[in-house]
Amino acid sequence: KIASQWLTTKPVEPNMTWVDINDPGVDGYEGFVGQMSKYETTNAQYCQFLNAALAASEITVIGNYVKCTTGFYAGQNYYQINGPGYNYDGAVNGGASRINYTQGSFKVDDGFENHPVTYVSWYGATAFA
């Protein structure tokens, strides 16, 4: 797993369905061979990752951001806690951040556990992978 290059935490194994990808690419674009999640990563899955990384002191919360504290990505934002989402076409706070940090741990807003996680940076997605 990519995260093991930068994080020392024992990898969290959320319940995910993986598919094999063997894309040779096209002219000007590199291909990809590996595995990819069949479904979007949920708030519950990403929250599990954040709590494991927090327990290992590999992330910290500074203001409204979860930041990496160790390794190659030290100082980079992983997640924005106060991502506002949008109000459009009947949606109110659509796509808003649904993982909160209180009393030393991360928790998903009730009812949003199986919704796709939003406001994850490239660094946070790579560490999760």
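Where in the chain is the place of Tyr-119? In this predicted model, Tyr-119 is in the loop between strand 9 (105-108) and helix 2 (122-128), and the legends below begin with that residue.

**View 1. Tyr-119 in the loop between strand 9 and helix 2.** The phi of Tyr-119 is near 65 degrees, a positive value in a residue other than glycine. Tyr-119 is partly exposed, because its relative accessible area of 29% falls between the 20% under which a residue is called buried and the 50% over which a residue is called exposed.

**View 2. Ser-57, just after helix 1.** Ser-57 belongs to the loop between helix 1 (43-55) and strand 3 (59-62). Although Ser-57 is not a glycine, its phi is positive, at about 60 degrees.

**View 3. Helix 1 and the elements packed against its buried residues.** Helix 1 is made of 13 residues and reaches 18 Å from its first C-alpha to its last, close to the 18 Å expected at 1.5 Å a residue. The buried residues of this helix are Asn-43, Gln-45, Tyr-46, Cys-47, Phe-49, Leu-50, Ala-53 and Leu-54, and they pack against strand 3, strand 4 (65-68), strand 5 (77-80), strand 8, strand 9 and helix 2. An α-helix has 3.6 residues a turn, so residues three or four places apart point the same way. Gln-48, which is also found in helix 1, is partly exposed, with a relative accessible area of 38%. Gln-48 and Lys-107 are 59 residues apart in sequence, while their C-alpha atoms are 8.8 Å apart in space.

**View 4. Asn-43 in helix 1 and its contacts.** With a relative accessibility of 1%, Asn-43 counts as buried. When residues up to four places away in sequence are not counted, Asn-43 touches Arg-98, Ile-99, Val-108, Phe-112, Glu-113, His-115, Pro-116, Val-117 and Thr-118.

**View 5. Arg-98 in the loop between strand 7 (91-94) and strand 8 (99-102).** Arg-98 is buried, because its relative accessible area of 17% is under the 20% cut-off. A polar atom of the Arg-98 side chain lies 3.3 Å from the backbone oxygen of Asn-93. Leaving aside residues up to four places away in sequence, Arg-98 touches Asn-43, Tyr-79, Asn-93, Lys-107, Val-108, Asp-109 and Phe-112, and the contact with Asn-43 connects this view to the previous one.

**View 6. The hairpin of strand 6 and strand 7.** Strand 6 (residues 86-88) and strand 7 run antiparallel and are joined by two bridges. Tyr-86 stands opposite Gly-94 in strand 7. The hairpin has two residues between the strands, and Asp-89 takes a positive phi near 50 degrees in this hairpin.

**View 7. Aromatic pairs that link parts of the chain.** The count of aromatic pairs comes to ten. Among them, Phe-49 and Tyr-78 form a stacked pair, with 6.4 Å from centre to centre and 25 degrees between the planes. Phe-49 lies in helix 1 and Tyr-78 in strand 5, so the pair ties together parts that are 29 residues apart in sequence, and both Phe-49 and Tyr-78 are buried. Tyr-73 and Trp-122 form an edge-to-face pair, with 6.0 Å from centre to centre and 65 degrees between the planes. This second pair links distant parts of the chain, with Tyr-73 in the loop between strand 4 and strand 5 and Trp-122 in helix 2, 49 residues apart. Tyr-73 counts as buried at 4% relative accessibility, whereas Trp-122 counts as exposed at 57%. Ring pairs also link Tyr-46, Phe-49, Tyr-78, Tyr-79 and Phe-128 into a cluster.

**View 8. Cys-47 and Cys-68, two buried cysteines.** Cys-47 has a relative accessible area of 6% and is buried, and Cys-68 likewise counts as buried, at 3% relative accessibility. A disulfide is a covalent bond between the sulfur atoms of two cysteines. A search of the whole structure finds zero disulfides.

Terms used: Residues numbered from 1 in each chain as written. Predicted model: local features only at pLDDT ≥ 70, side-chain atom pairs only at ≥ 80, totals over all residues. Heavy atoms only, no water. Helix = DSSP H or I, 4+ residues; strand = E, 2+ residues; numbered from the N terminus. Buried < 20%, exposed > 50% of the residue type's maximum accessible area, 1.4 Å probe, protein only. Polar contact = N/O pair within 3.5 Å; in protein donor to acceptor, adjacent residues only side chain to side chain. Contact = heavy atoms within 4.5 Å. Pairing = 2+ DSSP bridges. Disulfide = S-S within 2.5 Å. Expected span 1.5 Å × (residues − 1). Phe/Tyr/Trp six-rings, centres within 6.5 Å; stacked < 30°, edge-to-face > 60°.
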